[in-house]
Amino acid sequence: AQVIADLTDAANYLPAENNGYATSWAAKGYLAKVHFQMNDFANAFAQANDVINSGLFSMDTSLTARFSTEGTDEAVFELVSDGLFNNSGGWLRDNYRPNPGNNNVPNVHMSFYLFNLATADAADKRGLEWFAADESGDFTLYLCNKFELEEAMNVPLVHLTELKLIRAESAA
């Protein structure tokens, strides 16, 4: 109840634009998430629908824009990075990069089964661009190289894609 009360206050009192800081739209997005997790689908739908219908956010056609430091029109709220000394996404990125202290094995890699699912559709750009099999060692590693080349990256905390899914599942 306190989380809902605090987020409702934030939605009422925060500005609609806030130069990289939380906004009323971010609070509404979080309200949608909280209501959805509580199985309060009517309120989850209403909050998600309000953000979606605001017209302030739109789907991005680029696969990499969501984490770009240039930002994306899908982001309702994100942790902003402006370089290596303020890199909010460094903790996420570094889990997927080779770890020199661990025989160059990233902290996060996937199973053969998940790799096959992720790359099964040859027309799916995500499978072609984000996943790779590394057969250079004694065994094959199945990797997500989505963040491998990014030095600095933003991290979306509330985004349009998620809110559309919340709205759709709440309506169902």
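**Aromatic pairs and a helix pair in a predicted model**

Three aromatic pairs turn up in the structure. In one of them, the ring centres of Phe36 and Phe41 sit 5.6 Å apart with their planes at 65 degrees, and since anything over 60 degrees counts as edge-to-face, that is the label this pair gets. The two partners are not equally covered: Phe36 has a relative accessibility of 18%, so it falls under the 20% cut-off and counts as buried, while Phe41, at 33%, is partly exposed. Elsewhere, Phe112, Phe115 and Tyr142 come together as one aromatic cluster. All of this is read from a predicted model.

As for the overall layout, the protein has seven helices and four strands. Reading from the N terminus, the order is α-α-α-β-α-α-α-β-β-β-α. Along the principal axes, the C-alpha atoms take up a box of roughly 55 × 40 × 30 Å. The chain has 172 residues, and 37% of them are buried. Of the contacts with a separation of 6 or more, 58% are between residues 24 or more positions apart.

Back to the Phe36 and Phe41 neighbourhood, and to the helices there. Helix α2 covers residues 24-37 and helix α3 covers residues 41-52; their axes come within 8 Å and cross at roughly 155 degrees. An angle over 145 degrees counts as roughly antiparallel, so α2 and α3 are roughly antiparallel to each other. Their crossing is left-handed. On the α2 side, the contact is made by Trp25, Lys28, Gly29, Leu31, Ala32, His35 and Phe36. The α3 side brings in Phe41, Asn43, Ala44, Gln47, Ala48, Asp50 and Val51. Both rings of the edge-to-face pair are thus part of this helix contact. Two more of the α2 contact residues, Trp25 and Lys28, also have an arrangement of their own: Lys28 lies over the face of Trp25, at 4.7 Å from the ring centre.

Strand β1, residues 75-79, offers another spot to look at, with Ala75 as one of its residues. At 13% relative accessibility, Ala75 is under the 20% cut-off and so counts as buried. Leaving aside residues up to four places away in sequence, Ala75 touches Phe57 and Val158. There is also a link to a distant part of the chain: Val155 is 80 residues away from Ala75 along the sequence, yet their C-alpha atoms are separated by 9.1 Å.

How values were computed: Residues numbered from 1 in each chain as written. Predicted model: local features only at pLDDT ≥ 70, side-chain atom pairs only at ≥ 80, totals over all residues. Heavy atoms only, no water. Phe/Tyr/Trp six-rings, centres within 6.5 Å; stacked < 30°, edge-to-face > 60°. Buried < 20%, exposed > 50% of the residue type's maximum accessible area, 1.4 Å probe, protein only. Lys NZ or Arg CZ within 6 Å of the ring centre and 35° of its normal. Axes fitted to C-alpha atoms, helices over the stretch in contact; angles between N-to-C directions. Parallel < 35°, antiparallel > 145°, perpendicular 65-115°, else oblique. Left-handed = near helix turned anticlockwise from the far one by under 90°. Contact = heavy atoms within 4.5 Å.
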